[in-house]
Amino acid sequence: MEGWVRWSTAMWHNVKYRSQQPPAVPPATLVSLLLRELGRMPDHRALLQAMIGRLIDRFEELREQIRLESAPNEIPNELVVEVKMLSSLDEASCRCSAALLAVAANQPGLMEQFHERQRKRFSERILSSEHPERSTILFLAAVGLHYTSLLNISILDKEQRRRIYADLARLASGDMEI
């Protein structure tokens with residue numbers, strides 16, 4: 001039952017109720033409420049697309065939060081925003097991302113929306129920098145670091161990843177040389 005409750009809580013946030021906490025009800029009731037909500041979706045593809053849409057929205061919310069935290073008179077460097085966004089993803093986001101990655105491996109068409117938005121963001125905001133090759137290398141390093149965490153490949157501990165993300169952000173801002 002504990003696994004069902006964890007699954008229900010994660011699904012509650014990832015499918016429909018973005019900022020609401022699951023209701024304070026007994027575990028079996030929470031599972032029933034979510035299963036009833038999921039039953040309203042036409043098929044599993046709609047559910048997966050809703051989860052992918054929610055993940056995309058969550059990434060955009062994080063990016064916007066990071067932009068707002070930058071200096072008031074400064075236009076945020078989008079590569080720095082991307083690195084900081086990837087470093088800020090929590091364990092729950094990674095579990096959802098990993099699950100969707102597994103689904104995408106078997107049903108690549110589900111990720112078209114995500115891929116299209118990522119390509120557009122990359123070409124408009126990352127490649128448009130003064131040094132596109134440098135930006136590409138730093139972006140791919142940040143994404144690679146994120147994937148090691150996402151896929152639970154423990155080549156670095158949490159503190160080492162935090163320091164590397166910080167170095168990548170400094171490199172992206174031009175404060176350090178490669």
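**Note on a predicted all-helix model**

1. Helices α4 and α8 pack with their axes 8 Å apart, at an angle of about 170°. Angles over 145 degrees count as roughly antiparallel, so α4 and α8 are roughly antiparallel to each other. On the α4 side, the contact involves Leu79, Val80, Val83, Lys84, Leu86 and Ser87. On the α8 side, Tyr165, Leu168, Ala169, Ala172 and Ser173 meet them. Please keep in mind that this is a predicted model.

2. The overall picture is simple to state. The protein chain has eight helices and zero strands. Along the sequence the pattern reads α-α-α-α-α-α-α-α. The chain has 178 residues, and 35% of them count as buried. About 11000 Å² is exposed, with carbon and sulfur atoms supplying 55% of that area.

3. Contacts across the sequence deserve a comment. Take the contacts in the chain with a separation of 6 or more. Residues 24 or more positions apart account for 62% of these.

4. Helix α4 also packs on α6. Here α4 covers residues 78-88 and α6 covers residues 112-126. The angle is about 135°, and the axes are 9 Å apart. That makes α4 and α6 oblique to each other. From α4, Glu78, Leu79 and Glu82 make the contact. From α6, the partners are Gln118, Arg121, Arg125 and Ile126. Leu79 thus appears in the contact with α6 and also in the one with α8.

5. Next, the charged pairs. Side chains of opposite charge can pair when their charged atoms come close. The whole structure holds ten salt bridges. One of them joins glutamate 60 and arginine 121, at 2.0 Å from N to O. Glutamate 60 lies in helix α3 (residues 44-69) and arginine 121 in helix α6, so this pair ties together parts 61 residues apart in sequence. Is arginine 121 buried or exposed? It counts as buried, because its relative accessibility is 9% and the cut-off for buried is under 20%.

6. Arginine 67 takes part in two of the pairs described here. With glutamate 64 it forms a salt bridge of 3.2 Å, N to O. Both residues sit in helix α3, three residues apart, so about one helical turn separates them. Glutamate 64 counts as partly exposed, at 38% relative accessibility. Arginine 67 is buried, at 14%.

7. The other partner of arginine 67 is glutamate 78, with the closest N and O atoms 2.8 Å apart. This pair links distant parts of the chain: arginine 67 is in helix α3 and glutamate 78 in helix α4, eleven residues apart. Both glutamate 78 and arginine 67 are buried. Separately, Glu60, Arg63, Glu82 and Arg121 are joined into one network by salt bridges that share partners. Two members of that network, Glu82 and Arg121, also belong to the α4 and α6 contact.

8. Finally, the surface. Which residues form a nonpolar patch there? They are Leu101, Tyr147, Leu151, Ile153 and Ile155. Together they have about 460 Å² of accessible area. Isoleucine 155 is placed in the loop between α7 (132-150) and α8 (158-173). Its relative accessible area is 59%, so isoleucine 155 is exposed.

How values were computed. Residues numbered from 1 in each chain as written. Predicted model: local features only at pLDDT ≥ 70, side-chain atom pairs only at ≥ 80, totals over all residues. Heavy atoms only, no water. Patch = residues over 30% accessible without salt bridge, like charges linked within 9 Å, V, L, I, M, F, W, Y side chains within 5 Å. Areas by Shrake-Rupley, 256 points an atom, 1.4 Å probe, with all protein chains shown as cover. Salt bridge = Lys/Arg side-chain N within 4 Å of Asp/Glu carboxyl O. Helix = DSSP H or I, 4+ residues; strand = E, 2+ residues; numbered from the N terminus. Buried < 20%, exposed > 50% of the residue type's maximum accessible area, 1.4 Å probe, protein only. Axes fitted to C-alpha atoms, helices over the stretch in contact; angles between N-to-C directions. Parallel < 35°, antiparallel > 145°, perpendicular 65-115°, else oblique. Contact = heavy atoms within 4.5 Å.
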